[in-house]
Amino acid sequence: MELLLNNNVPAEEQVKDPVRFIGTKGYKVLVVGNSITLHAPKPEIGWTGDFGMAASCKKADFVHRLYALCSEKKETQMCILQASVFEKYYFLDFIFDEYRKAKDFAADCVIFRISENVAPDPERSDIFLKRYKQLVQYVSRESTKLIFTTGFWKNGFADPLIRETAQEFKAELVELGDLGEKSSMRADGLFEHKGVAMHPGDKGMEIIAERIFSVM
């Protein structure tokens, strides 16, 4: 089941500044994501957090769980790039200047955790591939380890193109689409707004973090 079309949390204005940091030294990990990675408070839809929707607290979202797992292994610092606007408007003459701080972070590892806001449009598959690869090249270096994930909600348009990109870059690929089909992985019943509630709850966030960490 594809849940993408039921995602009614707008991609625009999820955050004021798309780049944030956790930690100040150590192995550098950049996470390129969307509302599942970071969403600022939006009380009108019942979301008051300032972290990954719909975790119960900051420490429970997948970024902070991943940071904790990485830090147990070695000292780690992370950069979050919230790229939901790119997902929705990749087909425009997209300028990456707003993401400059993420590029300058010079990550040792980049995790591309986007898919959910990419609307299905077979006529734009070539332009999505082009722009997605431009984003990859913009925020990474030749020595950077690359990890790609498919959507938490299966996306029949974007997910195959993400798999193709991962193969081209000889990168790790983490499949997540099975998670969004399970109520136990979503925040069902915890939020009145259906768009918020379909996001991963604490269990879903934990599994996302564990799957990504397993290939780092």
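This report walks through the sheet, the helices around it and the cysteines of a predicted model.

## The sheet

Let's start with the strands. Six of them make up an open sheet, lined up in the order β1-β3-β2-β4-β5-β6, and the pairing is mixed. What does pairing involve? Strands of a sheet pair through backbone hydrogen bonds, and they can do this in a parallel or an antiparallel way.

Look at the two ends of that order. β1 (19-22) and β6 (172-174) sit at the edges with a single partner strand each, so one side of each has no neighbour in the sheet. Going from one strand to the next, the twist averages 20°.

## A helix against the sheet

Now find helix α1, residues 62-73. It packs on the sheet and touches β1, β2 (27-33), β3 (76-82) and β4 (109-112). Compare its direction with that of β3, and you get an angle of about 160°.

## Following the chain from β4 to β6

β4 and β5 run parallel and are joined by four bridges. One pairing to look up is C109, whose bridge partner in β5 is K145. To get from β4 to β5, the chain goes through helix α4 (residues 125-139), and this β-α-β crossover is right-handed. The next step goes from β5 through helix α5 (residues 158-168) to β6, again as a right-handed β-α-β crossover.

β5 itself covers residues 145-149 and pairs with β6 in the parallel sense, over three bridges. Here you can pick out F148, which has L173 in β6 as its bridge partner. Is β5 enclosed or open? Four of its five residues are buried, so the rest of the structure largely encloses β5.

## The cysteines

A disulfide is a covalent bond between the sulfur atoms of two cysteines. How many disulfides does a search of the whole structure find? The count is zero.

Why is C70 not bonded to C109? C109 holds the closest cysteine sulfur to that of C70, but the two are 7.5 Å apart, which is too far for a bond; the cut-off for a disulfide is within 2.5 Å. C79 is in no disulfide either: its nearest cysteine sulfur, that of C109, is 12 Å away.

Are C70 and C79 buried or exposed? C70 is buried, with a relative accessible area of 6%. C79 is buried too, and its relative accessible area is 0%. The cut-off for buried is under 20%.

Key
Residues numbered from 1 in each chain as written. Predicted model: local features only at pLDDT ≥ 70, side-chain atom pairs only at ≥ 80, totals over all residues. Heavy atoms only, no water. Pairing = 2+ DSSP bridges. Helix = DSSP H or I, 4+ residues; strand = E, 2+ residues; numbered from the N terminus. Axes fitted to C-alpha atoms, helices over the stretch in contact; angles between N-to-C directions. Contact = heavy atoms within 4.5 Å. Buried < 20%, exposed > 50% of the residue type's maximum accessible area, 1.4 Å probe, protein only. Right-handed = clockwise from strand over helix to strand, strands pointing away.
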